[in-house]
Amino acid sequence: MTTPTLCVCNAVDTLHDFAVRADDVDELLSECYAQQDQALFWGPLDKMLITYEPIGDLAWQRKFLELDGVVNLSPAGRTGSLFADALADPELMAAVVAHAGPGRRLRLIPHTTTADLWRFAETLHSTYDVVVELPESSPQQGLRDLLDTKTGLRDLAADLGLTDGPCRIPTGTHCAAKHEVPAAVHDMLATGTPCIVKPDRGEASLGLLIFRPGDDDIAERLAASTFYDEDRVVVEEFLDGDVCFPSVEYMVPAHAPPHLCYTTDMLFEGATHLRGNVTARELRERWWYRPLTEGGLRLAEEMQRRGYRGRFGIDAIGRGGVVHLHDLNARRTGSSHVHEFGAHLIGADYLDTHAVGNYDFYGLPAGLDLPEVLRLLGRLVASPRHAERGVVPTELTDLRTGRLSCMFYAPNLAELHDLIVRVKAALSPDR
């Protein structure tokens, strides 16, 4: 008998803990909750999903993509921890137990393994007699939390000698707290090197500060930011110019060698605003593919040796024949669903025939709804179950705020990028 799957899309939990430092925390987080909708494509297609709020236009997505086995629940309260909110909702917990079925067993896939996940799993076992399988969760919570920091990546890479060569961390340093940052920035700028300042536990590009030779407002900008206190800080070379932004995701199982899940080309707007990801067979021919995947595998093997379990992603910047590792996400990532969308809806070998990606469109009219999106996009919208190329509106929970995310698929990378351009034109107010 197949073990029922429960996906808990707590994508904003760790971000919430950091973002509370911002003055506009509620507005900032409101733009992130729609990431929960990505869980539609995690794991098997038949599953129960726990999300912060009900997934927007789920009935349309179920019908259009033939996702008949998806059940979506949301807890009554919101405290910043989705697992804690679920535990506090008796009706939701009763539904979870019912989902476990007569076998009294669940396979739990979270976005991020947090301390509250273990409390959730233990409560299911001790109170409800439900056994919880955790194939993507590291039992060493402290190790996961450490690896998810900026200094955690830099220390891990340095231990493996990845401070030089074709795959390495950028030149930089750790600061014990913000009072050490101005001197570190001055030292780097004095060599003519621009630098970027990163809060150790930062996420979603929050708090990043970029300084270039000649800047004389280092202390002022640092003091004006609410994201720096007595936590550690990384100061490292800011890589710009002729650059590319590849990323890679690995799975680290408990009893098998780590393996590559996929690689993507990240699509940025400006230096720090990620808008989308694409994966395609053409990426295997890019100059960065071999050094990134070989360096990434070395990290995965060492993480497994130290006790890490589950998925993790690495974001990199490629320039001048060198891949610079600049972020490690010890969890599922914002492109996990891109790979699984292709694998589930096109086929396990989808990269042999297709390129797949996602793209987020911001600044659309407030109050936008799905019928209007479908009208604007017209025949571009098509299901991969029945078409060779097309667009699928997704992450519809916050569509009303003027943000739309779409999945794209096409026979090759060039055609996929053409679809993105065509959707931008269709959504433009000047069309």
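Here is a chat between a trainee and a mentor about this predicted model.

Trainee: Let's begin with the sheet of 9 strands. Which strands stand at its edges?

Mentor: The 9 strands make an open sheet with mixed pairing, in the order β6-β15-β14-β11-β12-β13-β16-β18-β17. Two of them have a single partner strand each, so one side of each is left without a neighbour in the sheet. Those edge strands are β6 (167-168) and β17 (390-394).

Trainee: Now β11 and β12. How many residues are in the hairpin that joins them?

Mentor: β11 covers residues 246-252 and β12 covers residues 259-269. They run antiparallel, and 6 bridges join them. One bridge pairs Ser247 with Thr264 of β12. The hairpin from β11 to β12 goes through 6 residues.

Trainee: What about the pairing of β12 with β13? Which residue is the bridge partner of Asp265 there?

Mentor: β12 and β13 pair in the antiparallel sense, over 5 bridges. In β13, the partner of Asp265 is Val278.

Trainee: Thr263 caught my eye. Is it buried or exposed?

Mentor: Start with where it is: Thr263 is found in strand β12. Leaving out residues up to four places away in sequence, Thr263 touches Ser247, Val248, Val278, Thr279, Leu283, Trp288, Tyr289 and Thr293. Its relative accessible area is 6%, and the cut-off for buried is under 20%. So Thr263 is buried.

Trainee: Let's move to the helices. How far does α14 reach from its first C-alpha to its last?

Mentor: Helix α14 takes in residues 413-427, which makes 15 residues. At 1.5 Å a residue you'd expect 21 Å, and the model is close to that. The reach is 21 Å.

Trainee: Which residues of α14 are buried, and how wide an arc do they cover?

Mentor: The buried ones are Leu413, Leu416, Leu419, Ile420, Val423, Ala426 and Leu427. An α-helix has 3.6 residues a turn, so residues three or four places apart point the same way. The buried residues sit on the same side of α14, because their arc around the axis is only 140 degrees.

Trainee: And which residues are exposed on the other side of α14?

Mentor: First, the buried side: what covers its residues includes β12, β13 (273-279), β16 (355-361), α13, β17 and β18. On the other side of α14, the exposed residues are Ala414 and Val421.

Trainee: Which residue caps the N-terminal end of α14?

Mentor: Look for a side-chain oxygen 3.2 Å from the backbone nitrogen of Ala414. That oxygen belongs to the capping residue, Asn412.

Trainee: At what angle does α13 run to β17?

Mentor: Helix α13 is made of residues 370-377. It lies across two strands, β17 and β18 (404-410). Its angle to β17 is about 165 degrees.

Trainee: How far apart are the end C-alpha atoms of α11?

Mentor: Helix α11 has 18 residues, 289-306. Its buried residues include Tyr289, Leu292, Leu299 and Met303. Just after α11 comes Gly307, with a positive phi of about 115 degrees. At 1.5 Å a residue, α11 should span 26 Å, which agrees with its end C-alpha atoms being 26 Å apart.

Trainee: There's another open sheet, with 5 strands. By how many degrees are its neighbouring strands turned against each other on average?

Mentor: This sheet has the order β3-β2-β1-β4-β5, and its pairing is parallel. β3 (70-73) and β5 (131-133) stand at the edges, each with a single partner strand, so one side of each has no neighbour in the sheet. With direction ignored, the average turn between neighbouring strands is 30 degrees.

Trainee: In that sheet, which residue of β2 is the bridge partner of Leu6?

Mentor: β1 (residues 5-8) and β2 (residues 47-50) pair in the parallel sense over 3 bridges. Helix α5 (residues 90-100) lies across β1, β2, β3 and β4 (105-110), at about 160 degrees to β2. The partner of Leu6 in β2 is Met48.

Trainee: One last thing. What is the phi of Asp57, and what is the phi of Arg104?

Mentor: Most residues other than glycine have a negative phi. Asp57 lies in the loop between β2 and α3 (58-65) and is partly exposed at 35% relative accessible area. Arg104 is in the loop between α5 and β4, partly exposed at 31%. Phi is positive for Asp57, near 50 degrees, and for Arg104 it is also positive, near 50 degrees.

Definitions and conventions. Residues numbered from 1 in each chain as written. Predicted model: local features only at pLDDT ≥ 70, side-chain atom pairs only at ≥ 80, totals over all residues. Heavy atoms only, no water. Pairing = 2+ DSSP bridges. Helix = DSSP H or I, 4+ residues; strand = E, 2+ residues; numbered from the N terminus. Contact = heavy atoms within 4.5 Å. Axes fitted to C-alpha atoms, helices over the stretch in contact; angles between N-to-C directions. Expected span 1.5 Å × (residues − 1). Buried < 20%, exposed > 50% of the residue type's maximum accessible area, 1.4 Å probe, protein only. Arc of directions from axis to C-beta. Polar contact = N/O pair within 3.5 Å; in protein donor to acceptor, adjacent residues only side chain to side chain.
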